[in-house]
There are 2 protein chains.
Amino acid sequence: MTVQLEGRLASRGDTPLGDRCGIDRTMQLIGNRTAMLLLREAFHGATRFDSLHKRVGVTEAVAAQRLKELVAAGVLAKEPYREPGQRTRHAYVLTEAGHALLPVVTALLEWGGRYAPSPYGPTPLAHAGCGEPVHTELRCEAGHAVPEEELVLGTPLEG
Amino acid sequence: MTVQLEGRLASRGDTPLGDRCGIDRTMQLIGNRTAMLLLREAFHGATRFDSLHKRVGVTEAVAAQRLKELVAAGVLAKEPYREPGQRTRHAYVLTEAGHALLPVVTALLEWGGRYAPSPYGPTPLAHAGCGEPVHTELRCEAGHAVPEEELVLGTPLEG
DNA sequence: GTGCTGACTATGTCATCGCATAGTCAGCGG
DNA sequence: CCGCTGACTATGCGATGACATAGTCAGCAC
């Protein structure tokens, strides 16, 4: 019923993990509502400050602050671009680390659609190739779907 | 390079999504560091208040508050139990909605291990069945791995 | 060089989240 | 019924995050 633990983790008693844990570090970097919503819009293809702040629905000050943090975290990069007849502007684009956050974003989206339903209903994800619904799930490199009770957590401190 | 949008979402201009978005609702319910860390410990099998608050490393007041919120959100349930020779206590156990958060937690863990590295190294996930490393990824119901550029987002407001 | 627009920055205020310390409360052992 | 322990609750304070309003700044159009 719970994740299996290995090595030092298995008998850590009640000592806190602190920043040994990747969840903690991730949440400290990008674990707030506004950052996630900015990422959502980045995945939707929004790149301009104006568009991002309006679509997320926060004030410019907050958007500027969060975007600065996301750039500092290496999740977004500021790239100069110029449209014809326009001055040079900066686009916020997802870095590799940013793109790697897609499972986080989709997992939050799926869960919210199912367990925090709204009058608007869930937002379905689909595969462009075959049209089938898409889910965020655990798979091992051998291709097996991994249910919770078959998940083993190693410890980073040994070996 | 970005998620493809369908229907009303495709041309929403710069209007905010607000709580039409499952990401937003999820983040409002459980989108803070302490809640995620409490869930981490719940997945590790911790059920008792004392254990949870110590392992997460927050004060009792904060743990009590967050646990109350998680119970209200339907993610944890308080269940009475009695050990022999002990008085009745309450265990915090994951509900079905709570278990459904596993992909969120593992996605955060994986990302942190890779892109917010610590001196302790990443925490590897493995499949108990075959020993292979496990990843949180997007799959369609036909079994295809879905890369970002093949992901289509529907809109909840039509049909 | 004036105006316009996109992209911020500044200020002030309020709510939320965290910490630290201290207090409460229930019930079993003695 | 006294004390201990686990599980909270209360209070006070500082940091963070949000909002609203207003100001700045760069550069192209004219």
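In this predicted model, a phosphate oxygen of DNA strand C sits 3.0 Å from a polar backbone atom of A:Asp50. That contact is a good place to start a walk along the DNA. A:Asp50 is one of the residues that come nearest to DNA strand C, together with A:Glu60, B:Thr34, B:Arg66 and B:Arg87, out of 20 residues around the strand. Two more phosphate contacts come from chain B. An N or O atom in the side chain of B:Thr34 is 2.4 Å from a phosphate oxygen of DNA strand C, and a polar backbone atom of B:Thr59 is 3.4 Å from a phosphate oxygen of this strand.

Which part of DNA strand C faces the protein within 4 Å, sugar and phosphate or bases? Sugar or phosphate supplies 70% of those atoms, and bases supply the rest. On the protein side, α4 (49-56), α5 and β3 (88-94) of chain A, along with α5 of chain B, each give at least two residues to the surface near DNA strand C. Helix α5(A) has the largest share, with three residues. Sorted by class, this surface holds nine charged, six polar and five nonpolar residues.

Now turn to the other strand. Around DNA strand D there are 19 residues, of which A:Thr34, A:Arg66, A:Arg87, B:Asp50 and B:Glu60 come nearest. Sugar and phosphate make up 73% of the atoms of DNA strand D that come within 4 Å of the protein. Both chains reach its phosphates: an N or O atom in the side chain of A:Arg66 is 2.8 Å from a phosphate oxygen, a side-chain N or O atom of B:Lys78 is 3.2 Å from one, and a backbone N or O atom of A:Thr59 is 3.4 Å from one. The elements that give two or more residues to this surface are α5 (60-72) of chain A and, from chain B, α4 (49-56), α5 (60-72) and β3 (88-94). Here the largest share, three residues, belongs to α5(B). The surface near DNA strand D divides into nine charged, five polar and five nonpolar residues.

How are the two chains related? Chain A superposes on chain B by a rotation of 180° with 0.0 Å of shift along its axis, at an RMSD of 0.0 Å. The two copies are therefore related as by a two-fold rotation axis. Their interface fits this picture: 100% of the interface residues of chain A are also interface residues in chain B, so the copies meet through the same surface.

Helix α4 of chain B deserves a closer look. Is B:Ser51, which lies in this helix, buried or exposed? B:Ser51 counts as buried because its relative accessibility is 12%, under the 20% cut-off. Beyond its neighbours within four places in sequence, B:Ser51 contacts A:Asp14 and B:Ala46. The buried residues of α4(B) are B:Ser51, B:Leu52, B:His53, B:Arg55 and B:Val56, and their cover includes α3 (33-43), α5 and β3 of chain B. Just after the helix, B:Gly57 takes a positive phi of about 85°.

Finally, look into the interior. In soluble globular proteins, nonpolar side chains tend to be buried together. The largest nonpolar core here has 86 residues, and A:Ile23, A:Val75, B:Ile23 and B:Val75 touch the most other members. Take A:Val75 as an example: leaving aside neighbours within four places in sequence, its contacts include A:Ile30, A:Leu39, A:Leu70, A:Val93 and A:Leu101, as well as B:Trp111 from the other chain.

Note on methods. Residues numbered from 1 in each chain as written. Chains lettered and ligands numbered in written order. Predicted model: local features only at pLDDT ≥ 70, side-chain atom pairs only at ≥ 80, totals over all residues. Heavy atoms only, no water. Near = heavy atom within 4 Å. Polar contact = N/O pair within 3.5 Å; in protein donor to acceptor, adjacent residues only side chain to side chain. Helix = DSSP H or I, 4+ residues; strand = E, 2+ residues; numbered from the N terminus. Nonpolar A, V, L, I, M, F, W, Y, C, P; charged D, E, K, R; others polar. Least-squares fit on C-alpha atoms with pLDDT ≥ 70 in both. Contact = heavy atoms within 4.5 Å. Buried < 20%, exposed > 50% of the residue type's maximum accessible area, 1.4 Å probe, protein only. Core = buried A, V, L, I, M, F, W, Y, C linked by side-chain atoms within 4.5 Å.
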